[in-house]
Amino acid sequence: MSVLDHDTRLMDLAVSEGRNGRPSPNPPVGAIVAQHDQVIASGCHERVGEEHAEVMALRLAGAAAQGATLYVSLEPCNHSGRTPPCVDAILKAGIRRVVIGREDPNPHVLGQGMERLRARGVEVVLLPNHRGAIDLTTPWSKFITTGIPYVRLKLGLSLDGRIATRSGASRWVTGEESRAKVHNLRSTNDAVAVGIGTAIADDPSLTVRYVTGPSPVRVVFDTNLRFSPSSHLATTAKDTPTIVLTSTSASKEAADTLTQLGVLVLQVETSAEGRLDVTAALQALAAQAIVTLVVEGGAELAGSLLATRSADELHAFIAPILLGPRGRPGAVDWAGPDVPADAPRIHLPHWELCGTDAYVWGPLEYPSAR
């Protein structure tokens, strides 16, 4: 086995370890301390404010870290935040070699950790394009470089692209297995969002119920502040954090009423079409330390995200039913492309069955405008 293959295999283990943490708004990171083929210790950044992955792995390795190799999925930090710099812990432990899966994309710290380690005589290896390390931190990378959350758009629809019957009934278009998958998606994101139309029609709770996991922050996009103070989301806002995004011209009285219930009301500018400016709304959510956002509807909100190329992933659950041409409009309300070649599409889609439903998901790519 070549040195590169050996390093790649152990980096894969570090990435797997990193998936065990939930440190948002910090990046997920995994680390492995190894002597040749023997893994001595591993660690991940479990929660914000707690020790980083490198520090955990080095602590567990103890004296055995002397002269060993540290595999870490993201460049070690060289600055103080809630915790001291990881570079200090690496140097103190006597690590001989550090293999890194990805440079820190934060423009304020890019490369600084590697530079200091090399200056102190530590061999530093940056693996070329390690897919797992890149994928692990892709959402955080977007957040830290653009000031906008990583957006996952979820759609539930019939074979003919409808989200409800002609009477407006939408429970349930997809099956129980799909709903469990959606709840798992909620539990792995910082926030879940719907448009005001969905909030009024369904009066959802937007909590995690079908699986074990934390409930995300709940978000409603509501240009004219029609959000009812008697809704389930409003009356439970002190139990589960709830945000309403509305326009700068929204009623102050209505906003004050919601605030008293524990709802955080954020006012942003509107677009030329009179809807909330998507970029401004997402920036407001990022300012609340929301790194990842799953959007579950409705059609106007989904259309705005696609029209502005703000959705990064698509998760579509397709039920084997037909709701007919008089059913409610499609899952996405937007002008759409002129020709199929210009349509946003899932790059390298993943397909699976959820009960009797088809589930397709993956990163979205947007062809260049002609």
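Start your tour by selecting Y359, which is buried at a relative accessible area of 4% (buried means under 20%, exposed over 50% and partly exposed in between, with a 1.4 Å probe and protein chains only). What you have open is a predicted model, in which local features need a pLDDT of at least 70 and side-chain atom pairs count only at pLDDT 80 or more, while totals for chains, interfaces and linings use all residues. Residues are numbered from 1 along each chain as its sequence is written, and side-chain values use heavy atoms, with hydrogens and water left out.

**Stop 1: the aromatic pair**

Keep Y359 selected and add F317, which is buried too, with a relative accessible area of 1%. Rings of Phe, Tyr and Trp (its six-membered ring) count as a pair if their centres lie within 6.5 Å; planes under 30 degrees apart are called stacked, over 60 edge-to-face, and the rest tilted. By this rule the count is 1 aromatic pair. F317 and Y359 form that pair, and their rings are stacked, with 4.2 Å from centre to centre and 5 degrees between the planes. Now colour the strands: F317 belongs to β12 (residues 313–319) and Y359 to β15 (residues 357–365), so the pair ties together parts that are 42 residues apart in sequence. Helices (H or I, at least four residues) and strands (E, at least two) are DSSP runs, numbered from the N terminus.

**Stop 2: the whole chain**

Zoom out and switch to a cartoon view. The chain has 11 helices and 15 strands. Its radius of gyration is 23 Å, close to the 21 Å that the globule rule gives for 370 residues, so the chain is as compact as a globular protein of that length; the radius is taken over C-alpha atoms, and the rule is 2.2 Å times the number of residues to the power 0.38. Along the principal axes, the C-alpha atoms fill a box of roughly 70 × 45 × 45 Å.

Try colouring by burial: 50% of the 370 residues count as buried. The chain exposes about 17,500 Å², and carbon and sulfur atoms supply 51% of that area (accessible areas come from the Shrake-Rupley method with a 1.4 Å probe, and for residues only the protein chains shown count as cover). Among contacts with a separation of 6 or more, 72% come from residues 24 or more positions apart, where contact means heavy atoms within 4.5 Å.

**Stop 3: helix α6**

Next, select residues 176–187, which make up helix α6. Its 12 residues should span 16 Å at 1.5 Å a residue, and the end C-alpha atoms are 17 Å apart, which agrees; the expected span is 1.5 Å times one less than the number of residues. Show the side chains of S178, R179, V182, H183, L185, R186 and S187, which are buried. An α-helix has 3.6 residues a turn, so residues three or four places apart point the same way.

Which strands do the buried residues of α6 pack against? They pack against β6 (150–158), β7 (191–195), β11 (292–295), β12, β14 (350–354) and β15.

Stay in the helix and pick out H183. This residue is buried, with a relative accessible area of 4%. Leaving aside residues up to four places away in sequence, H183 touches T207, V208, R209, Y210 and V211.

Then centre on R179 and add W172: the charged end of R179 sits over the ring of W172, 4.4 Å from its centre (the criterion is NZ of Lys or CZ of Arg within 6 Å of the ring centre and within 35 degrees of the ring normal).

**Stop 4: V15 in helix α1**

Select V15, found in helix α1 (residues 3–18). V15 is buried, at a relative accessible area of 2%. Apart from residues up to four places away in sequence, V15 touches S73, H130, G132, A133 and L136. Draw a C-alpha to C-alpha distance from V15 to I32: these two are 17 residues apart in sequence and 9.2 Å apart in space.

**Stop 5: backbone details**

Follow the chain to P25, in the loop between α1 and β1 (30–35). A cis peptide bond joins S24 and P25, with omega about 15 degrees. Another place to inspect is G298, in the loop between β11 and α11 (299–307). Here a cis peptide bond joins G297 and G298, with omega about 5 degrees.

Finish with two phi angles. L225 lies in the loop between β8 (217–221) and α8 (232–235), and its phi is near 55 degrees, a positive value in a residue other than glycine. R309, in the loop between α11 and β12, has a positive phi near 55 degrees as well. Are these residues buried or exposed? L225 is buried, with a relative accessible area of 8%, whereas R309 counts as partly exposed at 41%.
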